[in-house]
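Welcome! Here is a short briefing to help you find your way around a structure you have not met before.

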Amino acid sequence: MSEYIIKNGHVFDPVQGIKGDKKDIAIKDGKIVDKVGSGAKVVDATGKTVMAGAVEIHAHIAGPKVNMGRIYRPEDKLFTCTPTKGMERMGGGASIPTTFKTGYEYAKMGYTTAMEAAMPPLFSRHVHEEIRDTPIIDEGAFPVFGNNWFVMEYLKNKEVENTAAYIAWLIRVTKGFAVKVVNPGGTEAWAWGLNCLSVNDPVPYFDITPAEIITGLIEANEYLGLPHSLHIHPNNLGNPGCYETTLDTLKLAEGYKAKNKFGREQVMHLTHSQFHSYGGTNWGDFESKAKEVTDYVNKNKNITIDTGNVTLDETTTMTADGPFEHHLTGLNNLKWANIDVELETGSGVVPYIYSPSISVCAIQWAIGMEIPLMMKDPMRCYITTDHPNAGPFTRYPRVIKWLMSAKAREAQINAFKHKDKVLSQTSIGSLDREISLYELAQMTRAGPAKSLGLTNMCGGLKPGMDADVAVYNFNPDKPVANPDDIEKAFSRCAHVFKSGVEVVTNGEIVSNGHKRTLWVNAKVKDNPQVMRDINEKFLKYYSMTQANYEALGHHFVPNPYTLEVDAT
Amino acid sequence: METVTITMKNPPALYLEADNVSPDGFAGKTAAQIAELHVHEGNTTSTLGKYFEVSGNAGATAADTKIIVKGDVKKVKYLGFKMSAGELVVESSMDQYAGGWMTGGKMLVKGNADAFAGTAMKGGELTIDGNAGNYLGAAYRGDWRGMSGGKILVKGNAGSDIGMYMLGGEMIINGDADVHVCTHAEGGKVIIKGNCKSKIGGQMVGGTVIVFGSIDTMMPGFKPSGEAELEVDGVKAKFSHYIGDTGERKKKKKGQIVYGDLYQKI
């Protein structure tokens, strides 16, 4: 493999505490090293910013519901198709791009690792086929557990060990990465036309509450010692007043401590917190409760969050929270797709337009800005757009612009039709904090890598770590004349290296890299009871056999990277 | 006004997407520069000059430019795509998307235009001397935003699904129309001087359809609402008035269900 040395760049690396010093980064055999030979290829990064490859903790980029969006929204591809060019294959789509475009767009922005946030276990083969077809970036997928019949039956009887054995089995056969929970109990209730809007609403038939599901899964997750914590999308998403449910959910993590060998410290990751920080009683008196939520998270070190920034675009919402999507289609009267996934979960898809001239959308934008600006520890708050729910991931540079420049935020607030309402219902007007490049590296690299338990692998530039490096055309020594320059610089990297292979040069794809699928192999003691239960459920209820369920072999996961966990 | 004439010399084997052929695409360019504009045949990108003979330079702006397309363009799509001003004349029949997404200017097709002519059109005038295909002035596949402004005149007949998701503007068909007129329409006006087949105005929540001839079968959601005397396109006549689609339950306005109007000449 070739050797590289990236010279004279301003390096920002929270893993080593480097805050913009001029430093050379050496790459050899796919890893960051202390030094390389004189034959190494020199990359001049004078006047540029050098960071580790960014890590995406939560995006919907592969699998059946993403594809449902692609199928039923041909208009999303209108005017966005790009033909074959050099190394790039053709691609298209704005909020739900094709797999190839997804890989290229992430790489061009300096992202080298991404997590598919909700994998229906029954369709894991489809998810892995799409992951396989997404070039360059390393990917993992979170199977959903919050409405799973096995989990609800075991946890109803407080059988944490059996739950853990089932999780270990399911993550192994679906090649999953972490335990994801979406609207615990609520999606199952949706099969009865109901929902669970608080942590104490009982799930029909199973007679268990969301609170019991959440605490049981935290215990099972820590029993196994998985790299990532419980990754939760709580109940009551997106409704005025939902912050109370969010706080009730966060309080369930109290008293739990992380137990793992991956350096992770949290036991719960609250995802797209913007959608969970709403106050008020209806859309008229809708207001921000970002302060209440971030105050709680600031005080409790065993929780991490990501933002879910609204980017004010036309997009496609898609979530395993089936009842919420039904509620949403009632609000905007656009098309709706609903999918039931047998014993495991469900999902819905609805197009949505976040219009700057609608006050609710503008307030949502402001809440998404408030959360990262109010979080004291950037290592526990990560930038996402919950792609594509609050906006496409291709808008990250714009979100970074708004976070790094109070001037850019002010310009956006002034452009809103209901500016006064935004200022009265949120406290965005009083926040003048500007995120520094070091904090940005924490929020997009070191932080999410640590939360995912990948801290020895990616998110930093320490010798021994994977050589995932992004070089941006951004000079931290010079004052920013125009905030749009920030967006431009973070849109297209000067150079991107993925595991030591140069994949992007001057914003163009030059290699498809060697993408890997990250998955966790958790070993547990033999558990004949769980194996018998699985057998029985497949015979009685599933529409497919166990042999057709597993995502195995070279076809689905051609280049795996396995994180071994031993809980025997 | 400067005139550019492009004449088909090498008809494409596959369909040709010529979305640059509009006064906006040509404005400020010489004949040689116009010949270098991109077109797509199948999955390959090539230049306009490979297929067309170009003569004449364009004006400085779109408004100063007139384009005449000569020769056989039956396999060419997207002529007049997104045009905002100026004039475009197609002397024969063309394929899909004539004047799609146009916002202004005048476009004339002297032959027939295939499906999706005037798709999501916002302004300007589109005249088709021959027949129009399906989805005239409709929304793009999957989209819910159809024609919202401007004027379409078809001197021949039109196909099915015309004015689907129509939001505004006016459409006059001198001949007959096929099934599914103004499905999901929320505004605008469609005048059909000939006859119509069935299913007119399904799920319509606004807008007007005026039919001079016969309607095969009326949608069950339309109910009679008396008679009205209207002056349509210079013709004064008595019409029976229907409102509908009363089967549509979605509320488009706050707390109020709104219906479209259907008039048929007595």
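What follows is a guided tour by topic, starting with chain B and ending with chain A.

The model you are looking at is predicted. In it, eight residues of chain B are in contact with eight residues of chain A. On the chain B side, the residues that touch chain A are two nonpolar, three polar and three charged ones.

**Chain B as a whole**

- Chain B has two helices and 17 strands as its secondary structure.
- With a radius of gyration of 20 Å, close to the 18 Å from the globule rule for 266 residues, chain B is as compact as a globular protein of that length.
- A box of roughly 60 × 35 × 35 Å, taken along the principal axes, holds the C-alpha atoms of chain B.
- Of the 266 residues in chain B, 47% are buried.
- Among the contacts in chain B with a separation of 6 or more, 40% join residues that are 24 or more positions apart.
- Chain B is divided into domain 1, covering 1–67, and domain 2, covering 96–265.
- The C-alpha centres of these two domains of chain B are 32 Å apart.

**Strands and sheets in chain B**

- One open sheet of chain B is made of four strands in the order 4-3-2-7, with mixed pairing.
- At the edges of this sheet are strand 4 (44–47) and strand 7 (76–77) of chain B; each has a single partner strand, so one side of each is left without a neighbour in the sheet.
- Strand 4 of chain B pairs with strand 3 (residues 38–41) of chain B in the antiparallel sense, over four bridges.
- Within chain B, the residue opposite Val39(B) is Ser46(B) in strand 4.
- Elsewhere in chain B, strand 6 (residues 65–70) and strand 8 (residues 87–90) run parallel and are joined by four bridges.
- Ile67(B) has Leu88(B), in strand 8 of chain B, as its bridge partner.
- Strand 8 of chain B also pairs with strand 9 (residues 106–109) of chain B, in the parallel sense and over four bridges.
- Here Val89(B) stands opposite Leu108(B), which belongs to strand 9 of chain B.

**The nonpolar cores**

- The largest nonpolar core has 163 residues, and the members that touch the most others are Ala107(A), Ile167(A), Leu217(A), Val469(A) and Val471(A).
- Helix 11 (residues 359–374) of chain A gives this core its largest share, eight residues.
- A second core, separate from that one, has 76 residues, including Ile34(B), Tyr78(B), Met94(B) and Tyr242(B).
- Leaving aside residues up to four places away in sequence, Val469(A) touches Ile6(A), Ile25(A), Val50(A), Ala52(A), Gly53(A), Leu461(A) and Phe497(A).

**Two residues in one strand of chain A**

- Val43(A) is found in strand 4 (residues 41–44) of chain A, and Asp44(A) also has its place in strand 4 of chain A.
- Val43(A) has 23 other C-beta atoms within 10 Å and is buried.
- Asp44(A) has 14 C-beta neighbours inside 10 Å and counts as partly exposed.
- Residues up to four places away in sequence aside, Val43(A) touches Tyr4(A), Ile5(A), Ile6(A), Lys7(A), Val471(A) and His495(A).
- On the same basis, Asp44(A) touches Lys7(A) and Asn8(A), not counting residues up to four places away in sequence.
- The C-alpha atoms of Val43(A) and Tyr256(A) are separated by 46 Å, with their positions 213 residues apart along the chain.
- For Asp44(A) and Leu226(A), 182 residues apart along the chain, the C-alpha separation is 40 Å.

**Helix 12 of chain A**

- Helix 12 (residues 396–404) of chain A is mostly covered, with eight of its nine residues buried.
- The buried residues of helix 12 of chain A are Tyr396(A), Arg398(A), Val399(A), Ile400(A), Lys401(A), Trp402(A), Leu403(A) and Met404(A).
- These buried residues of helix 12 pack against helix 11, helix 13 (406–415), helix 15 (437–451) and helix 16 (484–491) of chain A.

Terms used: Residues numbered from 1 in each chain as written. Chains lettered and ligands numbered in written order. Predicted model: local features only at pLDDT ≥ 70, side-chain atom pairs only at ≥ 80, totals over all residues. Contact = placed C-beta atoms within 7 Å. Nonpolar A, V, L, I, M, F, W, Y, C, P; charged D, E, K, R; others polar. Core = buried A, V, L, I, M, F, W, Y, C linked by C-beta atoms within 7 Å. Buried ≥ 20, exposed ≤ 12 C-beta atoms within 10 Å, placed from the backbone. Rg over C-alpha atoms; globule rule 2.2 N^0.38 Å. Pairing = 2+ DSSP bridges. Domains from an automatic or database assignment.
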